[in-house]
Amino acid sequence: MGGEVNGTMLTAQIRKQRHGPGAAPFALDVSIEVPPGITILFGGSGAGKSTLLDCIAGLARPDEGRILVGGDVLFDSVRAIHIPAPKRRIAYVFQTLALFPHLSAEENVAYGLLNLPQEQRRERVGEILTVFRVEKLRKQRPGEISGGEKQRIALARSLVTEPRVLLLDEPLTGLDAELKAAIVDDLRAWNTAKAMPILYVTHNRDEVDALGERVIALDNGRVVSAGAPMEVLNAPRRKKLAQAAGFENLLHATVLDLREADGVMRVKLGESACEIEVPLGYAAAGSRVQVAVRAGDILLATERPHGLSARNVMEGRILSLEHRGAMVIARVDCGVTFVAHITPGAARALELTAGRRVWLVLKTHSCHLVD
Amino acid sequence: MEALWLSLRLAACVAAILLAIGMPVAYWLAYSTWRGKFLLESIVALPLVLPPTVLGFYALVAMGPRGPLGKLWIALFGHGLAFTFTGLIIASVFYSFPFAVQPLIASFEGVDPRLLDASAVLGAGALRTFWRVILPLSLPGVVTAAVLSFAHTLGEFGVVLMVGGNLAGVTRTVSIDIYDYVQSLEYGAANRMALLLLVISFAVLSVVYAVNRRVWTPWAAK
């Protein structure tokens with residue numbers, strides 16, 4: 001396996017039960033392979049992403065399993081091997097970054113190099129601060145540094161130790177897309193020579209599309225699919241994942257026909273005559289699937305709209321309008337009932353009332369396949 | 001003035017010893033996951049609720065020529081422990097133990113656990129993590145522990161009276177001195193001493209509160 005052609009491979013089979021007062025019992029049971037390059041670990045909160053990373057880093061101990069980097073065994077429950085975290089040479093950038101608040105940027109980055117002679121240490125710290133474009137902040141403390149720059153320093157601190165694997169737990173949340181892309185570019189550039197396996201955790205679908213060479217989708221402690229981003233995200237997923245991500249509309253549908261060239265398929269909703277276009281999934285014509293749609297992703301129009309890029313326009317009638325805070329929840333009957341969220345202003349401007357005829361507009365990629 | 005000097009020396013020795021002993025104990029109490037931990041926590045807190053005379057009584061018994069500690073001391077050094085300055089230090093260490101350990105526990109527990117994880121994945125063992133991360137971030141707690149155990153020892157009376165007796169220059173501390181003055185109706189002298197103790201205690205507590213409001217910690221969030 002690993003270590004032969006280019007770089008090393010991280011493999012992990014991990015089983016871990018978690019129980020305790022206040023926490024719902026939860027079992028992590030996964031088997032993953034992370035080749036050199038960026039692999040995205042995708043899943044909602046509570047899917048077990050952080051537990052998995054903690055086990056790989058040596059901060060938590062699996063009940064059973066094996067963890068290997070290249071040919072080196074880091075954990076093996078059968079042979080009772082558990083290499084402690086400080087000896088694993090696995091870098092881990094936490095969601096909170098965990099920069100040491102009492103140390104300057106430079107001292108933070110030098111922390112993993114304390115065993116090196118001072119001269120060498122200074123050289124390597126200077127070098128990596130330059131690579132990540134934060135050399136001018138070397139004397140500043142984390143409290144005086146902005147978000148994006150803190151993230152760069154946290155990356156530099158982890159990578160300066162020349163780790164064998166890099167774990168990133170949503171390290172770039174809260175950054176705008178441009179800044180995020182710039183940091184990821186610098187990370188990729190760094191990794192072209194090192195060919196290190198990088199496991200990048202996110203619950204954000206946009207990041208998956210932007211970064212991923214490979215994706216592992218985790219749900220409720222289990223790997224639900226793995227592969228290229230398009231395959232994984234468009235593959236039928238289990239209902240749990242959709243619900244966890246907050247989909248208000250969950251509709252039964254029958255697949256009518258597949259249009260592989262366009263990456264879509266047509267489905268009929270429930271027992272109605274209502275047909276919509278959804279992203280292509282692993283499903284045959286005639287098979288039954290579920291479609292999940294966020295109420296906030298649905299547009300309402302009082303006249304039949306024309307000239308839209310959205311592929312799904314359905315005529316229906318408003319069943320009820322419910323005002324809830326700064327939101328109006330509209331239930332619309334199109335043969336099946338949809339729930340749509342609109343603003344009170346929009347509801348007034350369109351003079352929406354129960355019984356009124358409306359058209360629902362739905363983008364193909366706002367429809368998510370489940371099961 | 002001899003009594004004041006003695007009290008200050010005693011308090012300084014006790015504070016220093018308590019920091020040295022208190023840190024490993026507090027570290028263990030803060031991070032251990034052992035279920036029976038509460039037992040040790042209760043023992044540490046015991047001097048808070050026990051009358052000083054009870055503590056002093058058992059300390060005296062233990063240090064007497066027939067007590068275990070007294071016998072050991074005689075075997076090692078050729079003289080007993082009761083009514084000596086060393087005996088006073090040992091008894092005071094027990095008496096002020098919670099005042100050192102509890103602020104240390106609180107400040108160790110206040111350190112973000114992810115910082116400890118970060119230290120570990122960067123290759124640092126437990127000892128390096130303690131010196132480089134936990135201790136610097138717990139500095140206000142360390143100062144509080146030192147200052148509180150110093151101040152508490154400075155003002156102790158019951159334990160000193162039981163263990164130390166009242167030997168001028170050896171075991172007669174400020175609080176004993178004040179008591180003596182009052183007994184012999186020298187209210188003026190008693191007042192001078194009492195006032196001095198009051199001022200010192202106030203100064204010391206001001207240090208504790210200032211440190212805990214992070215007046216001087218440079219890395220406080222801005």
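In this predicted model, Leu218(A) sits across from Val223(A), a residue of strand 11 of chain A. The pair belongs to a stretch where strand 10 (residues 214-219) and strand 11 of chain A run antiparallel and are joined by five bridges. Both strands are part of a bigger arrangement: an open, six-stranded sheet in chain A with the order 7-8-9-3-10-11 and mixed pairing. Strand 7 (90-93) and strand 11 (222-227) of chain A are the edge strands, each pairing on one side only. Going from one strand to the next, the twist averages 20°.

A helix goes with this sheet. Helix 1 (residues 49-57) of chain A lies across strand 3 (37-42), strand 7, strand 8 (165-169), strand 9 (197-202) and strand 10 of chain A. Relative to strand 8 of chain A, helix 1 of chain A runs at about 155°.

Stepping back, chain A splits into domain 1, covering 10-236, and domain 2, covering 240-370. Between the C-alpha centres of these two domains of chain A there is a distance of 37 Å.

Further along chain A, strand 12 (residues 249-259) is tied to strand 15 (residues 288-293) by six bridges, and these two strands run antiparallel. Here Ala253(A) stands opposite Val289(A) of strand 15 of chain A. Strand 12 of chain A also pairs with strand 13 (residues 264-269) of chain A, again through six bridges and again antiparallel. In that pairing Arg259(A) faces Val264(A) of strand 13 of chain A. Strands 12 and 13 of chain A make a hairpin with four residues between the strands, and Gly263(A) adopts a positive phi near 70° there.

Then comes another open sheet in chain A, built from five strands in the order 16-20-17-18-19 with antiparallel pairing. Its edges are strand 16 (299-301) and strand 19 (337-342) of chain A, each of which pairs on one side only. On average, and ignoring direction, neighbouring strands in this sheet are turned by 45° against each other. Within the sheet, six bridges hold strand 17 (residues 312-324) of chain A to strand 20 (residues 357-362) of chain A, the two running antiparallel. One of the matched pairs is Val313(A) with its bridge partner Val361(A) in strand 20 of chain A.

Chain B looks quite unlike this: it has eleven helices and zero strands. The C-alpha atoms of chain B fit in a box of roughly 65 × 45 × 30 Å along the principal axes.

Two helix pairs in chain B can be described in some detail. Two packed helices are described by the angle between their axes and the distance between the axes. For helix 1 (residues 2-31) and helix 8 (residues 139-154) of chain B, the angle is about 140° and the axes are 8 Å apart. Helix 1 of chain B is therefore oblique to helix 8 of chain B. The crossing of these two helices of chain B is right-handed. From helix 1 of chain B the contact draws on Ser7(B), Leu10(B), Ala11(B), Ala12(B), Val14(B), Ala15(B), Leu18(B), Leu19(B) and Gly22(B). Helix 8 of chain B answers with Val142(B), Ala145(B), Ala146(B), Ser149(B), Phe150(B), Thr153(B) and Leu154(B). Sorted by class, this contact between helix 1 and helix 8 of chain B holds twelve nonpolar and four polar residues, with no charged ones.

The other pair is helix 3 (residues 52-63) and helix 5 (residues 85-109) of chain B, which pack at an angle of about 135° with their axes 10 Å apart. Helix 3 and helix 5 of chain B are therefore oblique to each other as well. Their crossing is right-handed. Helix 3 of chain B brings Pro52(B), Leu55(B), Gly56(B), Ala59(B) and Met63(B) to the contact, while helix 5 of chain B brings Gly87(B), Ala91(B), Phe94(B) and Tyr95(B). The tally for helix 3 against helix 5 of chain B is seven nonpolar, two polar and no charged residues.

Finally, the two chains meet through 18 residues from chain A and 17 residues from chain B. On the side of chain A that touches chain B, strand 7 of chain A gives the most, with three residues. The residues on that side of chain A come out as twelve nonpolar, five polar and one charged. Strand 7 of chain A is also one of the edge strands of the six-stranded sheet.

Notes: Residues numbered from 1 in each chain as written. Chains lettered and ligands numbered in written order. Predicted model: local features only at pLDDT ≥ 70, side-chain atom pairs only at ≥ 80, totals over all residues. Pairing = 2+ DSSP bridges. Axes fitted to C-alpha atoms, helices over the stretch in contact; angles between N-to-C directions. Contact = placed C-beta atoms within 7 Å. Domains from an automatic or database assignment. Nonpolar A, V, L, I, M, F, W, Y, C, P; charged D, E, K, R; others polar. Parallel < 35°, antiparallel > 145°, perpendicular 65-115°, else oblique. Left-handed = near helix turned anticlockwise from the far one by under 90°.
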